[in-house]
Amino acid sequence: VKLGRTYLALREPDKALAALGELRAIYPELPWPHLIAGQAWLEKGDASQARVALEASLANNPFDPELHCALANTYARLANSDAAFVAKRDRARRACDAR
């Protein structure tokens with residue numbers, strides 16, 4: 001997890017994802033590998049993959065403000081006008097702004 005965060009800080013998302021390896025599959029209950037993967041996917045420009053990872057992190061730890069900011073940025077990049085999606089996007093933005 002620390003190595004993944006380090007690679008994210010260095011703006012090397014591929015290395016961050018590689019550092020996580022199979023950690024997300026082995027320990028699906030840990031929120032941080034999912035968060036880091038989501039941030040890496042977002043940096044790579046793949047909002048769909050980022051959404052999957054970030055929502056997995058949200059299911060395990062809904063109290064992380066960093067997660068809500070990453071989700072807000074991800075949802076903003078996804079073009080979806082469905083009312084439920086818009087509500088999720090707005091909720092994530094409010095949670096990020098409240099930190």
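This is a short tour of helix α2, helix α4 and helix α5, one selection at a time. The model is predicted, so local features need pLDDT of at least 70 and side-chain atom pairs 80 or more, while totals for chains, interfaces and linings use all residues. Residues are numbered from 1 along each chain, and side-chain values use heavy atoms, without hydrogens and water.

**Stop 1: α2.** Select residues 13-20, helix α2 (helices are DSSP runs of H or I, at least four residues, numbered from the N terminus). Now color Pro 13, Ala 16, Leu 17 and Leu 20: these are its buried residues, with under 20% relative accessible area for a 1.4 Å probe, protein chains only. They sit on the same side of α2 because they cover an arc of only 95° around the axis, taken from the directions from the axis to the C-beta atoms. Step on to Gly 21, just after α2, and you'll find a positive phi, near 45°.

**Stop 2: α2 against α4.** Add α4 (31-44), one of the helices those buried residues pack against. The two axes (lines fitted to C-alpha atoms over the stretch in contact, with angles from 0 to 180 degrees between N-to-C directions) come within 9 Å and cross at roughly 155°. That makes α2 and α4 roughly antiparallel, the word for angles over 145 degrees. Zoom in on the contact (heavy atoms within 4.5 Å): Leu 17 and Leu 20 are among the α2 residues there, and Ile 36 and Trp 41 among those from α4.

**Stop 3: α4 against α5.** Finally, show α5, residues 47-60. Its axis lies 7 Å from that of α4, at an angle of about 155°, so this pair is roughly antiparallel. Trp 41 turns up here too, in a contact that includes Leu 54 and Asn 60 of α5.

Methods
Buried < 20%, exposed > 50% of the residue type's maximum accessible area, 1.4 Å probe, protein only. Helix = DSSP H or I, 4+ residues; strand = E, 2+ residues; numbered from the N terminus. Parallel < 35°, antiparallel > 145°, perpendicular 65-115°, else oblique.
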